[in-house]
Amino acid sequence: MDILLEQVEYRYAANSPFEKKAVEEVSFKIPEGQCTAIIGHTGSGKSTLLLHLNALLKPTSGSVKIGDRTVKSGRKEKDLKPIREKVGIVFQFPEQQLFEETVMKDICYGPMNFGVSEKEAKKRAAYWLKEVGMPEDVLEKSPFDLSGGQMRRVAIAGVLAMEPEVLVLDEPTAGLDPRGRREMMEMFYRLHKERGITLVLVTHSMEDAARYADKVVVMHKGRKVHEAPPRELFSDAERLSEWGLGIPEVVKFQRMLEAKSGKTFPKVCLTMDELAEMLKQGGGLS
Ligand SMILES: Nc1ncnc2c1ncn2[C@@H]1O[C@H](COP(=O)(O)OP(=O)(O)OP(=O)(O)O)[C@@H](O)[C@H]1O
């Protein structure tokens with residue numbers, strides 16, 4: 001299922017004295033089965049945009065096509081549940097949304113809300129808990145007895161248990177230590193690769209955008225200012241500072257090596273592993 005944004009504009013408190021235009025003239029496609037990263041400085045409109053991906057917000061003008069449904073302003077929408085079921089959003093700090101007495105109940109809440117039977121929801125809970133790297137024996141524990149990182153995994157399992165086709169991640173690794181961040185991103189990437197789940201990654205991390213995305217959309221002051229595969233985007237990394245963004249460490253390191261040797265690598269490396277491999281093969285310097 002593709003998602004297609006066309007000329008999306010969103011104004012908070014539209015037609016009131018407090019009106020605030022958060023997003024304007026944004027068009028791009030989120031292709032099925034790919035990982036699309038949305039990056040941008042604070043306040044650039046990323047979160048507003050992502051709320052459109054499962055119709056939690058409706059554009060004030062323009063349209064969002066989600067599979068075979070088109071959401072646009074001025075039209076009363078029929079049941080939005082099928083959209084919400086297909087597009088799961090993991091919000092920032094999802095662990096703050098846990099509220100049930102047990103992990104099992106928390107994970108089952110979403111699927112049961114979408115009409116899944118209790119028996120099936122419990123089966124899914126056990127399955128997805130394991131998939132997010134948690135032992136089964138926590139199912140009957142209170143989520144509040146778990147560590148912060150574990151609570152986040154439980155909350156994520158709750159979204160995955162709805163078995164969405166598209167998974168939207170809003171800063172999924174915020175607040176985790178470097179190891180926790182890497183483990184969590186690797187988990188999402190594995191799910192994406194093994195199951196073909198479409199990923200939308202809203203992130204401040206240039207490293208994650210470089211490492212995981214097929215395509216990066218850059219937002220700046222409510223507008224889409226660029227859209228490109230990471231290698232292309234980071235080959236002209238200096239432009240990122242115009243949009244208040246940093247250069248990925250690996251790209252900086254590559255630049256430093258190039259400056260030292262006076263030569264240029266044939267391609268921009270997106271990970272340290274890639275850079276190490278290139279150096280191993282004689283540097284690939286031209
Ligand atoms: N509920 C709201 N009411 C009014 N204005 C809002 C509201 N939410 C966001 N805004 C404004 O809309 C603009 C875009 O905000 P948004 O949260 O979408 O940006 P963002 O790129 O996600 O930022 P961050 O990276 O900090 O999460 C900002 O100017 C913000 O102040």
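## Glutamate 171, a residue with an unusual backbone angle

Let's start with glutamate 171, which sits in the loop between strand E7 and helix H6 (178-195). Is this residue buried or exposed? It falls in between: glutamate 171 counts as partly exposed because 18 other C-beta atoms lie within 10 Å. Keep in mind that this is a predicted model, so everything here describes a computed structure.

Glutamate 171 also has a positive phi of about 45°, although it is not a glycine.

## Asparagine 15, out in the open

Asparagine 15 shares the theme of a positive phi: its value is near 60°, and this residue is not a glycine either. You'll find asparagine 15 in the loop between E1 and E2. With 7 other C-beta atoms within 10 Å, asparagine 15 is exposed.

## The four-stranded sheet

The two strands beside that loop, E1 and E2, belong to an open sheet of four strands. Reading across, the order is E2-E1-E4-E5, and the pairing is antiparallel. Which strands sit at the edges? They are strand E2 (20-30) and strand E5 (69-72), each pairing on one side only. Neighbouring strands in this sheet are turned by 20° against each other on average, ignoring direction.

Now zoom in on one pair. Strand E1 (residues 3-12) runs antiparallel to E2, and seven bridges link them. For example, leucine 5 has phenylalanine 28 in E2 as its bridge partner.

## The six-stranded sheet

There is also an open sheet of six strands, ordered E6-E7-E8-E3-E9-E10, and here the pairing is mixed. Its edge strands are strand E6 (87-90) and E10, which each pair on one side only. From one strand to the next, the twist averages 20°.

Strand E9 is a good one to follow. On one side, strand E3 (residues 35-40) pairs with E9 in the parallel sense over five bridges, and alanine 37 has valine 216 in E9 as its bridge partner. E9 is also joined by five bridges to strand E10 (residues 223-228), this time antiparallel. Methionine 219 is matched with lysine 224 in E10, while valine 216 has alanine 228 in E10 as its bridge partner.

## A hairpin and an enclosed strand

How many residues lie between E9 and E10 in their hairpin? Just two, and lysine 221 in the turn has a positive phi of about 50°. As for the surroundings of strand E9 (residues 215-220), five of its six residues are buried, so this strand is largely enclosed by the rest of the structure.

## The nonpolar core

The largest nonpolar core has 70 residues. Those with the most contacts inside this core are Ile107, Ala157, Val168, Leu169, Val200 and Leu201. Which helix gives the most to this core? That would be helix H5 (residues 148-160), with seven residues.

Take leucine 201 as an example of those contacts. Setting aside neighbours within four places in sequence, leucine 201 is in contact with Cys35, Ala37, Leu169, Asp208, Tyr212 and Ala213. Alanine 37 on that list has come up before, as the bridge partner of valine 216 in E9.

## Methionine 162, tucked into a loop

Loops can hold buried residues too, and methionine 162 shows this. Methionine 162 lies in the loop between H5 and strand E7 (166-170), yet it counts as buried because it has 23 C-beta neighbours inside 10 Å. Not counting residues up to four places away in sequence, methionine 162 touches Glu85, Gly88, Gly110, Pro111 and Phe114.

Methionine 162 and isoleucine 247 are 85 residues apart along the chain, and their C-alpha atoms are separated by 36 Å.

## Around the ligand

Which residues surround the ligand? They are Tyr12, Lys20, Ala22, Gly40, Thr42, Gly43, Ser44, Gly45, Lys46, Ser47 and Thr48. E2 and helix H1 (46-50) each supply at least two residues of this shell. H1 gives the most, with three residues.

## The annotated domain

Finally, the unreviewed UniProt entry carries the annotation "domain: ABC transporter" for residues 3-246. Over that stretch, the chain is 33% helix and 26% strand, and the end C-alpha atoms are 28 Å apart.

Definitions and conventions
Residues are numbered from 1 along each chain as its sequence is written. This is a predicted model: local features need pLDDT of at least 70, side-chain atom pairs count only at pLDDT 80 or more; totals for chains, interfaces and linings use all residues. UniProt positions are given in the numbering used here, feature names are shortened, and annotations may be inferred rather than shown by experiment. A nonpolar core is a set of buried Ala, Val, Leu, Ile, Met, Phe, Trp, Tyr and Cys residues joined through C-beta atoms within 7 Å. A residue is buried if 20 or more other C-beta atoms lie within 10 Å of its own, exposed if 12 or fewer, and partly exposed in between; C-beta atoms are placed from the backbone. Two residues are in contact if their C-beta atoms, placed from the backbone, lie within 7 Å. Two strands pair if DSSP finds at least two bridges between them. Axes are lines fitted to C-alpha atoms, for helices over the stretch in contact, and angles run from 0 to 180 degrees between N-to-C directions. A residue is near a molecule or strand if its C-beta atom, placed from the backbone, lies within 6 Å of it.
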